[in-house]
Every structure is written in structure tokens, then in C-alpha cells.
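Visitor: I'd like a walk through this one, with the reasoning spelled out. Can we put it on screen and talk it over?

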Protein chains: 2
Amino acid sequence: MKRCVAVLLGFSITCAGFAAEPRAAEAARRTRQWRVAHETQILDEVSRFLALPNVATTLSDVDRNADAIVEMFRQRGIVARQLRIEGVPALVVADVKSPRAKQTIAFYAHYDGQPVDASQWTTPPWQPTILPAGPVTPESRIYARSASDDKSPIVAMLAALDALRAAKIAPSVNLRFVFEGEEEQGSPHLSQYFDRFPNELSADAWILADGPVHPTRKQQIFFGARGVVDLEITTYGPSRALHSGNYGNWAVNPIVTLSRLIAGLRDDNARILVAGFYDDVRALTPLERDAIAAAPNADETMRRELALGRVEGTPLLEQLQLPALNLRGISSGAVGDKAANAIPTEATASIDFRLVPDQTPESVRRRVEAHLTSLGFFITRTAPTTEERLAHEKIVRLAWGSGYPPARTPLDLPISRRVRDVVSAAIGYDTVVVPSLGGSVPMYVFRRGDTPVIGVPMVNHDNRQHAPDENLRIQNLWDGIEVYAALFAGL
Amino acid sequence: MKRCVAVLLGFSITCAGFAAEPRAAEAARRTRQWRVAHETQILDEVSRFLALPNVATTLSDVDRNADAIVEMFRQRGIVARQLRIEGVPALVVADVKSPRAKQTIAFYAHYDGQPVDASQWTTPPWQPTILPAGPVTPESRIYARSASDDKSPIVAMLAALDALRAAKIAPSVNLRFVFEGEEEQGSPHLSQYFDRFPNELSADAWILADGPVHPTRKQQIFFGARGVVDLEITTYGPSRALHSGNYGNWAVNPIVTLSRLIAGLRDDNARILVAGFYDDVRALTPLERDAIAAAPNADETMRRELALGRVEGTPLLEQLQLPALNLRGISSGAVGDKAANAIPTEATASIDFRLVPDQTPESVRRRVEAHLTSLGFFITRTAPTTEERLAHEKIVRLAWGSGYPPARTPLDLPISRRVRDVVSAAIGYDTVVVPSLGGSVPMYVFRRGDTPVIGVPMVNHDNRQHAPDENLRIQNLWDGIEVYAALFAGL
């Protein structure tokens with residue numbers, strides 16, 4: 001019903017677009033036929049690629065991934081180039097031109113992965129393993145770092161090209177593939193790449209393959225992504241670790257100071273308590289609000305799946321349109337067998353903030369520091385000197401990551417409607433539409449000059465992205481190949 | 001002046017006892033002469049002993065320490081035995097009888113050490129190193145695990161025996177040496193040892209060598225020690241780690257839950273906020289209060305030495321007569337380079353409580369659990385099941401150590417006065433008297449049947465006990481040898 005009301009108001013983009021896209025639907029259908037006949041070959045290519053370690057802080061590792069991508073293109077007769085800023089992971093760029101195409105659409109993914117703690121993994125993070133053992137089914141999963149985030153989508157795009165070639169369906173636009181190697185580091189050089197290689201990176205619109213589909217396993221497309229900035233906070237106790245019996249509850253304990261600080265950053269219902277934190281949050285448009293209302297609500301299913309006795313802000317999709325403050329780690333002294341009866345010298349917590357329009361890393365930083373100052377903390381950027389420690393009752397050392405701002409593409413642009421229609425045609429139902437994805441992809445860089453940027457993810461939501469046992473559900477890989485074939489052929 | 005007021009009130013024990021103890025003073029003087037001639041030999045024996053790893057959870061390691069002690073006695077013609085409960089570190093016991101002695105005084109120390117994180121040490125924890133390099137001075141320190149806590153005092157007692165023999169001064173009492181191997185584990189079997197070996201462990205009084213001297217470097221003796229119990233608290237988030245962008249501020253973050261819990265356990269001034277926590281605290285006697293008032297106050301010096309901008313409860317010595325709650329560690333997710341943008345599944349904090357008469361581990365446990373229940377936490381002892389996680393909004397897993405209660409010997413017993421006088425005679429000034437030491441030694445076990453138990457420590461307060469870079473100041477070793485020689489000869 002909501003869809004038809006929307007049409008009356010002039011928002012025609014939601015209405016049964018897939019029926020109007022026979023070319024996209026046909027590309028998806030033919031791709032499925034090809035895929036069924038080539039599953040082993042596709043999975044072999046995924047596995048070989050996932051076997052390469054890809055944490056961007058080890059440049060030689062990510063370089064091997066870039067080389068592997070170039071080789072995968074080469075095997076298809078496509079020349080890929082590595083754009084390179086000295087000392088930085090390469091951008092791998094490849095063009096597939098179509099004679100009659102009027103537009104160039106760029107397709108983005110990243111080939112680097114989050115750091116791993118291998119001891120926490122069931123199977124080694126760079127030894128791709130399909131489980132359960134036995135024949136591969138649509139519900140099998142392949143376990144490896146970046147299985148979902150974001151290496152398999154690269155192979156899916158290449159498989160989509162293979163399928164279209166086999167079906168003799170030419171792309172309807174010029175395709176430009178751009179694969180990044182330091183997204184998980186916060187894309188610190190992506191902007192420089194755009195400055196330095198404006199022609200190689202120009203496009204009429206960008207399609208991003210990062211991020212997951214909806215928790216209901218329905219396809220979703222997103223028009224924005226939250227920004228991100230991280231912060232490491234360190235509090236201080238005595239200048240040397242002290243016997244807790246001889247000095248406990250006299251010498252200040254840095255864990256208590258830090259706990260108190262953290263407890264004051266958020267309430268129990270996801271509300272961030274930093275003064276003025278929501279002042280920079282832009283209100284959603286009616287169209288964006290409608291899209292959220294129309295999206296399936298899987299909150300209760302998710303809550304049960306994650307064994308959560310309660311959740312903090314509901315519904316989830318609405319919550320993701322707001323800023324977030326997440327504690328990603330805390331460390332001081334020792335727990336378990338290594339715990340000693342001592343007062344630690346310092347305690348550290350690591351935080352990531354998610355930003356929405358019109359917040360910026362700078363505005364977040366300014367407000368958080370004002371908050372800490374109002375609590376009486378002396379702020380330092382380096383380890384405090386003895387004089388500083390003696391001069392201030394409460395000291396906090398802050399280390400901010402560079403981060404990047406959020407971005408959002410309007411839902412009512414022609415390309416926005418077109419992507420929505422093509423994807424819906426490929427999958428056979430109305431895709432879920434998300435104004436801003438919860439996660440962060442550096443959309444703001446692609447948005448330069450208001451270039452449209454739209455996310456078309458393929459991986460399962462329960463992929464343990466960024467965590468041990470990251471995985472990809474095989475059916476999501478199959479679906480992703482079809483959706484991208486439809487985009488190549490139908491845009 | 002306070003001393004003479006005390007005499008008028010009938011508390012004669014403080015008054016210039018050292019003048020009346022020529023035998024003790026003579027023993028100390030002769031011991032010093034011998035020590036000056038044998039420093040290298042003493043330090044060699046200390047170093048050899050400290051080179052043996054001694055964490056009690058590795059039984060073979062502590063056993064080698066017990067064997068080393070037996071060998072050190074053997075070299076002196078004394079037969080030491082290892083009392084043994086199967087699978088548990090041995091109690092090493094040795095007797096030195098005197099023909100005309102009427103009493104047996106037992107001398108206790110422990111030979112096991114706290115766990116180490118070797119990466120945090122400047123020099124390897126079991127490679128004893130005297131620093132600074134060059135000639136050994138009284139201010140040199142020997143760095144090694146248990147340099148102060150509590151292996152060097154064992155060697156000091158043996159050196160005191162050597163010195164008295166050289167001076168042909170016979171002990172005035174029967175000496176019984178009892179050295180434990182799992183004090184740092186909370187002495188979980190010491191009570192069983194007393195049950196099983198009542199004759200081997202009987203004594204008219206106990207002198208304990210554990211703990212430090214006063215922060216002013218003055219000798220102190222203590223008549224009580226706080227009890228201890230530790231607690232590990234785990235809070236829970238989602239059942240698997242989640243991408244913080246896609247689920248942050250919706251899925252509960254266990255670090256936030258834990259921080260909030262910790263922030264509510266104490267106020268900023270050392271006051272424990274658990275309901276009724278102070279109901280079991282016995283008031284100090286007037287004599288105990290006088291001793292505290294007479295003790296030097298080194299708080300400001302200590303505060304500056306430790307670079308503390310503020311302290312929580314003052315004065316320190318008074319604070320140590322109260323219970324304490326120390327956060328010794330906290331851990332969840334990761335910080336620094338390993339931090340990933342994920343919501344952790346659980347967060348753990350490790351706490352040690354210090355207990356004073358008449359608290360017990362059981363009473364502390366009861367009150368803390370009532371506190372957590374009143375905050376709405378469901379308490380579990382094992383990892384919660386999915387059903388439990390779904391059924392309860394807030395879950396906390398608790399793992400209590402066994403711990404032990406506090407104990408205190410009255411200051412006005414004859415042996416209490418005698419120890420005070422002998423020690424004061426040996427050092428040439430009135431020793432500092434502490435009703436309860438802040439640290440925990442298992443005095444309660446020795447106190448069976450109200451046997452007097454008095455602590456005569458020797459190590460420096462700034463020894464980094466329980467922490468990286470534990471050390472012993474050489475002058476403290478020299479002083480300790482004299483004090484123990486005086487006790488052997490003068491009690």
C-alpha cells in the first residue's frame with residue numbers, strides 16, 4: 001500500500017520497476033544458468049584469492065592481492081592497472097567499454113581486510129574453508145578474512161562478466177572497476193588518489209559492493225553510509241604498578257577512572273550523553289522516512305539470533321540513521337590466570353564513532369573534548385609528564401584516528417531510480433531501500449561534485465565481518481553474481 | 001610525648017624498650033660486622049635462589065625452589081624437611097633448637113611468586129640483575145620476581161643464622177622456620193597443612209617476614225593483615241562479535257555494561273558503595289588508634305613519588321585499616337593496532353577485595369551478590385546459555401577465588417611487647433607499629449587458638465611487588481639480616 005501512496009505523491013521510483021526491466025531480468029536469468037554450470041570454478045577463484053593475507057598495514061601482503069586482481073582480469077583479456085601513491089596500497093582500475101554506451105559507471109570494492117587475532121578463529125583466517133564438510137549447498141559458508149568484507153564481491157563481479165560474455169549480452173554502460181587496498185584502515189589515501197588520478201577515476205555514478213544485504217536475507221540497496229572516526233582513551237593511575245594491598249583505595253585506579261568516563265558517555269538506551277552531540281544531525285527527508293518504514297523489521301529475529309536479552313535503540317534501521325558510539329576494546333592490567341594483585345598504571349579504551357550528515361570527524365572531536373574538559377579532565381596527546389600528572393587530578397590521553405565524514409545520495413535522482421529498478425528486476429521483488437547504511441564506506445570521496453553513489457551489497461548480514469570466523473554464505477555469492485550481471489547489462 | 005602518655009594509661013610497651021635489650025642490640029651489632037665482610041657471598045646466594053622460576057601454578061618450578069631451600073639449610077648443617085600434601089607445593093620446615101630455650105618461635109616466609117608478563121619487564125624476571133651497574137651500594141637494587149616478595153627474606157634469615165654462629169651467640173628460643181610455596185595463590189592448602197602436621201607446625205608465636213617496611217624506610221612491625229578475596233566479573237553482549245556500524249548502539253555493548261557496573265562499586269573517595277559493606281568492620285582499639293597516630297605520615301612524599309594528581313582516602317595508614325576494592329584488570333575486544341570496529345561478545349574485569357576484621361570472604365561475597373541482584377543482574381557461575389541470555393536483560397558471570405579472612409594480634413600481649421622492644425633495640429629507634437598491614441598474609445591460619453602472630457618485614461615499600469621490575473633495595477637486605485639476628489638472639 002505504501003508504494004502506491006508514494007506514487008500518488010509523485011515518488012514513482014518504488015513502483016514495480018522490475019516489470020519494466022526485461023533486459024536486466026534476462027541478464028540475471030542467463031547468469032544463473034551459467035553459474036550453475038560453473039560453481040566449482042567460481043569457488044576455486046574465490047578460495048585462491050582469500051588465501052592471500054590482506055591486512056593493509058603489511059604493504060607486501062596487500063600488494064600480492066592487487067597483483068592477484070590484475071592477473072584475474074588478465075585471464076579475461078582485460079588490462080587492469082595499479083594506480084599507485086608511493087608506500088600506499090594500490091588502487092586497481094580496469095575498464096570494460098561498450099561501443100554504444102553513453103555513461104561510465106564505476107564499481108567499487110576493497111581487497112584489504114580487518115586485522116585478525118588468529119587464536120580466536122575456528123579455522124585459520126587465510127586458509128579458506130567451506131563448512132559444513134561435504135557437498136556445497138546454498139547454505140554452506142566459506143570461512144576466511146574478507147570472505148564477505150570485501151574480497152568475494154570482486155570475484156562475483158568478474159564471474160558476472162564471464163556469464164554475460166557466455167550469454168553474449170553486452171554491458172549497457174562503460175564499466176569501470178575500482179578496487180581499494182586500505183578501506184579497513186579508514187581509506188586514508190583514497191581522496192589523494194582522486195586528486196592525483198582524476199581521469200582514471202571519473203565516472204557518472206558509483207556503485208559500491210561493500211556492506212551486507214538485509215537481515216531477512218532480502219536484497220537491499222543503500223544511498224548513504226555513516227562516517228567514522230575512532231578514538232583511543234587512556235587514563236592514568238600511579239607511575240608504577242603498586243601492590244593493591246598496600247596502596248589500594250588510596251592510589252587512584254585508572255580502570256575505575258576509565259569506567260566512570262565510559263559510563264558517562266552513553267545512557268542505557270543508545271543515547272550519547274556528550275553535550276550537543278545531536279545538534280549536527282540532519283533530519284531525514286519524507287522519502288527517506290518512507291523507505292525506512294517500508295523496510296522489513298527483523299529486529300526481533302536478530303535479537304533472538306544474537307541471544308540478546310535486550311537491545312538499546314529500536315528499530316535497528318532507524319537507529320542506524322543516528323550517530324553511534326561503540327566501545328570496541330578495553331585493556332588494563334590482566335584478567336584470568338595472569339591477574340596480579342596490583343594497581344595498574346594506566347587503562348585504555350578504544351572507541352569508534354559512526355557519523356551521520358552533517359556531522360564530521362572534526363565536529364565529533366570538538367564536542368567529545370569539550371565533554372571531557374567539562375568533567376575536569378586535562379587532555380594530553382602524549383604520555384603525560386610527571387609534572388602534568390602531579391598538576392592535574394584527572395588526566396586523559398586522546399589519540400584520534402583521521403576518520404571520514406558521512407555521505408548520502410538523494411533517493412529521487414534518475415540514477416537512483418534506475419539502480420533500484422534494475423536490482424528489483426534481477427531479484428524479482430522490490431529491493432529494500434536504506435537511506436544510510438550503518439557501516440562506513442568512504443562514500444564522501446566518491447560524492448565529490450555530488451556524483452551519485454549507491455551501494456548494492458551482496459554478502460550475508462551474519463558474516464562475522466571484522467570479527468573471528470568471518471564468512472560468506474554461498475547463496476549470497478550466487479545472488480550477487482546475478483545482481484551485478486543485471487547492473488552491467490541493464491543500467 | 002605520645003609514648004609517655006601511653007605509659008601513664010598503662011600501655012608501657014612503647015617506652016624506650018630498646019634500651020632494655022642489650023643482647024638484641026649486641027646481636028645486631030655483631031651481625032653487621034659479619035655482613036660487611038660477607039656481602040658478596042650473601043648476594044650470590046640471593047641471586048642463585050632468585051634465578052629459579054617460582055609461579056606456584058607450575059608445580060615443578062616451585063618444587064625446585066623448595067629443594068634449593070633444603071640444600072641451603074643442608075650447607076649449614078641443618079636438616080630441613082618438605083612437608084607435602086600430594087600435588088601441592090611443599091612446606092619447607094627446619095628447626096634450630098637451643099638447649100635452655102623455653103619457647104619455640106616460628107618464622108614464616110614464602111618462596112613462590114606472582115605470575116609475570118615478561119614482556120613488561122626491563123630485565124628478565126628470573127635473571128636477577130643488580131642495578132645500577134658498577135659497585136654495589138646500599139641504594140643498589142636487585143631486580144627479579146620475588147626479590148622482595150618473598151624469597152630474599154629467606155636468605156636473610158639464613159645469613160642471620162650464619163652471623164650469630166660466627167659471633168658465637170646462641171638463639172634465645174627454639175627457632176622453627178616454615179616456608180610456604182603457594183602464598184601468592186592465596187595459601188589454599190596452608191590450613192590443611194596445619195591440620196595434617198600439627199606437631200611439625202606448632203609454635204608459641206609466629207613471626208612473619210612478608211610485607212614491606214614503612215615508606216619512610218623506617219622499620220615497621222605489624223600485628224594484623226587484611227584478608228583477601230578475588231572476583232572475576234564477566235558481562236555479555238551479542239553471542240557473536242558484530243560489526244559496530246551495522247549493530248552499534250542497538251546490540252548491547254558488554255564493555256559499557258561492565259563500566260557502568262564498576263563505576264557503581266566505589267565513589268571517588270575510596271568509599272565502597274556496596275550496601276552494608278562496612279557493617280562487618282570492627283572498630284579499632286584506643287591502642288591501635290594511638291599506634292596509627294604515632295606512625296610517620298609519608299603520604300605526600302608517596303603521592304609525589306608516584307606522580308599521583310590526587311589520592312582517594314587519607315591518610316594511607318588509616319585507609320589500610322578499612323576494606324578495599326581494587327580493579328586489577330579489565331579486558332574486552334582489543335585496543336591499539338588490533339582494535340577492530342566490532343562489538344565484543346563479553347567483557348571481563350578482575351577485582352581483589354581486602355578484608356578487615358570481622359569481614360570474611362563469605363560476607364563480602366554475600367553483600368556483593370546482593371548488590372548486583374539489586375541492580376537487576378542475573379548472576380550465573382558458568383557461561384550463560386542462549387535461553388538465559390534471552391531471558392535476562394542483564395547477566396553477570398561471577399567467579400570467586402577462595403580467599404581468606406583477616407586476622408589481628410592484640411598489641412598488649414607479652415610477646416607483642418617483646419618483639420617491639422627487640423626490634424627497636426636492633427635498629428636503635430622506636431619501630432613503627434601497624435595494627436593491620438594493607439597487604440594480605442594468611443595470618444588467620446597461624447592465629448588458630450589465638451596464637452600470637454606478628455609481622456616483621458624487611459623489604460623496601462617501593463619494590464614493585466606483584467608488578468613488573470620487582471626489586472629489593474640492598475640496604476633493606478642488610479637491615480633485615482640484623483633485625484632477624486636480634487630476634488633469634490633476643491626473644
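Visitor: What rotation and shift superpose chain A on chain B?
Guide: Keep in mind that we're looking at a predicted model. Chain A lands on chain B with an RMSD of 0.1 Å, after a shift of 0.0 Å along the axis and a rotation of 180°. That makes the relation one of a two-fold axis.

Visitor: How much of the contact surface of chain A recurs in chain B?
Guide: The same surface serves both copies. The contact takes 93 residues from chain A and 93 residues from chain B. Of the contact residues of chain A, the share that recurs in chain B is 100%.

Visitor: How much area do the two chains bury between them, and which residues of chain A lose the most to chain B?
Guide: Chain A and chain B bury about 8200 Å² between them, with 55% of it on carbon and sulfur atoms. On the side of chain A, three residues together give 12% of what that side buries. The ones losing the most area are Arg240(A), Asn249(A) and Trp250(A).

Visitor: Which residue of chain B does Arg240(A) meet in a salt bridge?
Guide: The rule finds six salt bridges across the interface of chain A and chain B. For Arg240(A), the side chains come to 3.1 Å, N to O, and a salt bridge needs that pair within 4 Å. The partner is Glu305(B).

Visitor: Which strand gives the largest share of the side of chain A that touches chain B?
Guide: Between chain A and chain B, 42 residue pairs are in polar contact. The side of chain A that touches chain B divides into 40 nonpolar, 31 polar and 22 charged residues. Its largest share, 10 residues, comes from residues 324-333, which is strand β12 of chain A.

Visitor: Is Arg176(B) buried or exposed?
Guide: Arg176(B) is found in strand β6 of chain B, residues 174-180. Away from its sequence neighbours, Arg176(B) touches residues including Asp95(B), Phe107(B) and Glu200(B). Its relative accessibility is 10% and the cut-off is under 20%, so Arg176(B) counts as buried.

Visitor: And which side chain does Arg473(B) join in a polar contact of 2.6 Å?
Guide: Arg473(B) is found in strand β20 of chain B and, at 8% relative accessibility, counts as buried. Beyond four places in sequence, Arg473(B) touches several residues, among them Glu139(B), Arg217(B) and Asn460(B). The polar contact you're asking about is with the side chain of Asn476(B).

Methods. Residues numbered from 1 in each chain as written. Chains lettered and ligands numbered in written order. Predicted model: local features only at pLDDT ≥ 70, side-chain atom pairs only at ≥ 80, totals over all residues. Heavy atoms only, no water. Helix = DSSP H or I, 4+ residues; strand = E, 2+ residues; numbered from the N terminus. Buried < 20%, exposed > 50% of the residue type's maximum accessible area, 1.4 Å probe, protein only. Contact = heavy atoms within 4.5 Å. Polar contact = N/O pair within 3.5 Å; in protein donor to acceptor, adjacent residues only side chain to side chain. Least-squares fit on C-alpha atoms with pLDDT ≥ 70 in both. Buried area = accessible area lost by both parts, 1.4 Å probe. Nonpolar A, V, L, I, M, F, W, Y, C, P; charged D, E, K, R; others polar.
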